[in-house]
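Open your viewer, turn on the cartoon view and get ready to click around. We'll go stop by stop.

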Amino acid sequence: MPLLLKFMFRHALAGFAMAIVFVALILVLDLGGLATLVSTSEIGVLAVALLTFFTGLTFASLQMGIAVMSMKPQPEDDEPAGSRQSVDQWELQRVPIVVRKRR
């Protein structure tokens with residue numbers, strides 16, 4: 001498996017693990033009476049499964065986004081390392097604008 005896919009998969013699994021802990025805490029603390037509602041409902045297991053899945057999807061997406069955005073930029077193959085100019089080295093230049101009169 002390519003390195004980038006392993007990276008994304010690992011962070012997605014971490015997000016799903018955090019979601020499972022989050023849903024477990026919601027149920028253990030009975031926030032909003034959710035655990036009571038789930039335990040007395042006929043389809044409580046389905047509700048918990050869907051809550052866990054969609055919370056996991058959200059947390060996994062968030063975790064992957066954070067991981068990707070915190071990566072350091074890698075130099076491209078065709079240019080040597082350190083050849084990119086940083087934003088601090090950019091210079092402002094005047095751009096002439098020609099304004100024509102309207103008829």
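Helices (H or I, at least four residues) and strands (E, at least two) are DSSP runs, numbered from the N terminus. With that in hand, read the protein chain along its sequence and you get the pattern α-α-α. That is 3 helices and 0 strands.

A quick word on what you're looking at. This is a predicted model, where local features need pLDDT of at least 70 and side-chain atom pairs count only at pLDDT 80 or more, while totals for chains, interfaces and linings use all residues. Residues are numbered from 1 along each chain as its sequence is written, and side-chain values use heavy atoms, with hydrogens and water left out.

**Stop 1: the whole chain**

Select everything and show the surface. The protein chain exposes about 9,400 Å², and carbon and sulfur atoms supply 67% of that (accessible areas come from the Shrake-Rupley method with a 1.4 Å probe; for residues, only the protein chains shown count as cover). How much of the protein chain counts as buried? Of its 103 residues, 15% do. Here buried means under 20% relative accessible area, exposed means over 50%, and partly exposed is in between (1.4 Å probe, protein chains only).

**Stop 2: helix 1**

Now select residues 3-29, which make up helix 1. The expected span of a helix is 1.5 Å times one less than its number of residues. For the 27 residues of helix 1 that gives 39 Å, and its end C-alpha atoms are indeed 39 Å apart. Colour Phe7, His11, Ala12, Gly15, Ala19, Val23 and Ile26: these are buried. What covers them includes helix 2 and helix 3. Then click on Asp30, just after helix 1, which takes a positive phi of about 55°.

**Stop 3: helix 3**

Jump to residues 44-69, the 26 residues of helix 3. From first C-alpha to last, helix 3 reaches 37 Å, close to the expected 38 Å. Its buried residues are Gly44, Thr55, Gly56, Ala60, Gln63 and Ala67. Which helices do they pack against? Helix 1 and helix 2 (34-40).

**Stop 4: zoom in on Thr55**

Stay in helix 3 and pick Thr55. Thr55 counts as buried because its relative accessible area is 12%. Leaving out residues up to four places away in sequence, Thr55 touches Ala19, Phe22 and Val23 (contact means heavy atoms within 4.5 Å). Show the side chain, too: one of its polar atoms lies 2.6 Å from the backbone oxygen of Leu51.

**Stop 5: Ser61 and Leu57**

Also in helix 3, click Ser61. At 42% relative accessibility, Ser61 is partly exposed. Try the distance tool between the C-alpha atoms of Ser61 and Met8: they are 53 residues apart along the chain, yet separated by 9.7 Å.

Next, select Leu57, another stop in helix 3. Leu57 is partly exposed too, at 40%. Add Ile43, Leu46, Leu50, Phe53 and Phe54, and you have a nonpolar surface patch of about 580 Å². Patches are made of residues with over 30% relative accessible area and no salt bridge (a side-chain nitrogen of Lys or Arg within 4 Å of a carboxyl oxygen of Asp or Glu), with like charges joined within 9 Å and nonpolar side chains (Val, Leu, Ile, Met, Phe, Trp, Tyr) within 5 Å.

**Last stop: Ser70**

Finish in the segment after helix 3, at Ser70. Is Ser70 buried or exposed? Exposed, at 57% relative accessibility. A polar atom of the Ser70 side chain lies 2.9 Å from the backbone oxygen of Ile66, and the backbone oxygen of Ala67 is 3.2 Å from a polar atom of that side chain.

Definitions and conventions
A polar contact is a pair of N or O atoms within 3.5 Å; within protein, one must be able to donate a hydrogen and the other to accept it, and residues adjacent in sequence count only if both atoms are side-chain atoms.
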